[in-house]
Amino acid sequence: MWSEKYRPKKISDMIGNEESRADVVEWFAKWKKGTKPILLVGPPGIGKTTIAYLTAKQFNYDMIGLNASDIRSKSRISEVLSPVLGNVSVRGLPMIFVDEVDGIHGRGDYGGAEALIKILKEPTVPIVLAANSDNTDKMKSIKKTVKTITFKSIPPRLMRVYLGHILKQENSKLSPGSAIKVTDKSKGDIRSMINLAQSLVTGFNPQTDGSAEGLDAESAVNAFYKANSVEEARGILYYMQADPRKKIESFYSSIVMSKPDSKTLATSLEIISRADMLYGKITKTQNWRLLRYLNEILMELYQNNDKIRYVQYSLSWPLLSRIRWDGRKIKTLSGLIAKSLHMSSSAFATIGFPYVLYCIKNGNLDLELDAEYNEIIEKEAKLLQ
């Protein structure tokens with residue numbers, strides 16, 4: 001994947017935003033206990049995560065990378081960050097990096113924002129946040145506790161120069177018109193530009209709507225199984241700008257619900273399992289560099305099979321996994337509750353069961369079941385925290 005291959009190895013390899021990059025380096029150089037955290041603000045794909053990683057490496061910090069979705073609850077923040085704030089680190093001095101912090105607010109926020117702000121006010125380790133935008137009411141409370149450093153979109157002229165460098169290294173060519181089209185569609189997003197260029201060079205020309213977001217999950221999965229060659233399928237997969245978990249979920253639900261033959265199903269689920277194990281290792285060790293191998297594993301799913309089409313489950317991935325693990329018991333439990341609600345057990349499992357778990361988790365419901373079923377329910381409820 002070119003976007004990984006040409007990811008900057010040192011700060012001087014980055015392009016654009018020279019003053020902002022200098023501000024980040026200066027902040028690290030002068031950091032001491034109590035120094036205000038920094039918030040890196042700017043559009044996707046311009047190097048916010050990269051600058052955080054490279055400066056941590058340069059100043060010998062052990063970077064603990066998190067996403068806002070990882071710390072939406074107060075208990076989760078305590079579980080993940082307490083050891084770090086206590087300077088407990090295996091490899092060296094700890095540093096916290098929270099990406100997409102503007103997404104911490106929402107229906108899934110169970111006190112996470114307030115807990116994070118408390119930490120930001122009294123930092124004991126370097127803390128770097130990143131957001132696509134800070135111009136919202138929800139970000140006001142966070143902005144008061146940090147120093148904001150703004151990153152701007154990379155100018156088209158500089159983008160074309162950098163693209164030319166990559167094409168030369170790859171011994172590949174794009175027509176002048178195609179090069180201009182690539183940079184215009186990317187709108188200052190370096191990652192998107194590189195992905196699109198690689199797709200065009202390998203013969204895949206995705207019909208996007210002009211945004212830099214790439215293919216959505218439905219379009220990508222359907223196009224993947226319609227691809228006429230491995231290279232075309234690879235281009236589609238690499239241009240699928242989805243969260244890694246979303247990628248795995250999308251292929252899993254589509255394969256299972258499309259009901260392919262037993263051999264295809266078994267092979268596909270084995271591949272999905274390996275992809276899931278890799279992602280689990282990444283989140284456990286926070287070694288996000290391993291993410292470069294995820295697409296190569298998912299590429300093994302490729303076959304020109306028009307019977308497999310995108311289907312999305314209505315339940316979360318962790319809940320689905322647990323339901324399959326305790327399938328027999330949960331099926332029986334769903335049948336008992338569904339009978340009282342005058343609905344089918346399958347309809348209850350799909351529609352009603354998640355709400356029951358939320359109610360139990362929040363202490364609003366007691367089903368008065370025997371110990372065996374209570375244990376299952378408690379396991380499910382914990383997955384929703």
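**Figure 1. Overview of the predicted model.** The secondary structure of the protein comprises 18 helices and five strands, where helices (H or I, at least four residues) and strands (E, at least two) are DSSP runs numbered from the N terminus. This is a predicted model, in which local features need pLDDT of at least 70 and side-chain atom pairs count only at pLDDT 80 or more, while totals for chains, interfaces and linings use all residues. Residues are numbered from 1 along each chain as its sequence is written, and side-chain values use heavy atoms, with hydrogens and water left out. Of the 385 residues in the protein, 46% are buried; buried means under 20% relative accessible area, exposed over 50%, and partly exposed in between (1.4 Å probe, protein chains only). Among contacts (heavy atoms within 4.5 Å) between residues at least 6 apart in sequence, 76% join residues at least 24 apart.

**Figure 2. Surroundings of helix α3 (residues 48-58).** Lys48, Thr50, Ile51, Ala52, Leu54, Thr55 and Ala56 are the buried residues of α3. These buried residues pack against α2 (18-30) and against four strands: β1 (38-41), β2 (61-67), β3 (93-99) and β4 (127-131). Asn60, which follows α3, has a positive phi, near 60 degrees.

**Figure 3. Two asparagines in loops, Asn17 and Asn171.** Asn17 is found in the loop between α1 (2-5) and α2, and Asn171 lies in the loop between α7 and α8. Although Asn17 is not a glycine, its phi is positive, at about 55 degrees. Asn171, not a glycine either, has a positive phi of about 55 degrees. Asn17 is buried, with a relative accessible area of 14%, whereas Asn171 counts as exposed at 73% relative accessibility.

**Figure 4. Helix α8 (residues 176-186) and its buried face.** Ala179, Val182, Thr183, Lys185 and Ser186 are buried in α8. Seen down the axis of α8, these buried residues fall within an arc of 165 degrees, so they line one face of the helix; the arc is that of the directions from the helix axis to the C-beta atoms. The packing partners of the buried residues are α7 (156-169) and α9 (190-201). Lys187 follows α8 and has a positive phi, near 50 degrees.

**Figure 5. The packing of α7 and α9.** The two helices pack at an angle of about 45 degrees, with their axes 11 Å apart; axes are lines fitted to C-alpha atoms, for helices over the stretch in contact, and angles run from 0 to 180 degrees between N-to-C directions. α7 and α9 are therefore oblique to each other, given that angles under 35 degrees count as roughly parallel, over 145 as roughly antiparallel, 65 to 115 as roughly perpendicular and the rest as oblique. α7 passes α9 in a right-handed crossing; a crossing is left-handed if the near helix is turned anticlockwise from the far one by less than a right angle, and right-handed if clockwise. From α7, Met159, Tyr162, Leu163, Ile166 and Leu167 meet Ile190, Met193, Ile194, Ala197 and Val201 of α9. The residues of this contact divide into ten nonpolar, no polar and no charged, where Ala, Val, Leu, Ile, Met, Phe, Trp, Tyr, Cys and Pro count as nonpolar, Asp, Glu, Lys and Arg as charged, and the others, Gly among them, as polar.

**Figure 6. Helix α10 (residues 217-226) with helix α11 (residues 230-238).** The axes of α10 and α11 are 9 Å apart, and the helices pack at an angle of about 170 degrees. This angle makes α10 roughly antiparallel to α11. Ala220, Ala223 and Phe224 of α10 make the contact with Ala233, Ile236 and Leu237 of α11. Its residues comprise six nonpolar, no polar and no charged.

**Figure 7. Helix α10 with helix α12 (residues 244-258).** The axes of α10 and α12 come within 10 Å and cross at roughly 60 degrees, which makes α10 oblique to α12. This crossing is right-handed. On the α10 side the contact is made by Ala217, Val221, Phe224 and Tyr225, and on the α12 side by Lys246, Ser250, Phe251, Ser254 and Ile255. The contact residues divide into six nonpolar, two polar and one charged.

**Figure 8. Surroundings of Tyr310, in the loop between α14 (294-298) and α15 (317-325).** Tyr310 is buried, with a relative accessible area of 17%. Leaving aside neighbours within four places in sequence, Tyr310 is in contact with Ala217, Glu218, Val221, Asn222, Lys246, Ser250 and Ser254. The C-alpha atoms of Tyr310 and Ser219 are separated by 8.1 Å, although these residues are 91 apart along the chain.
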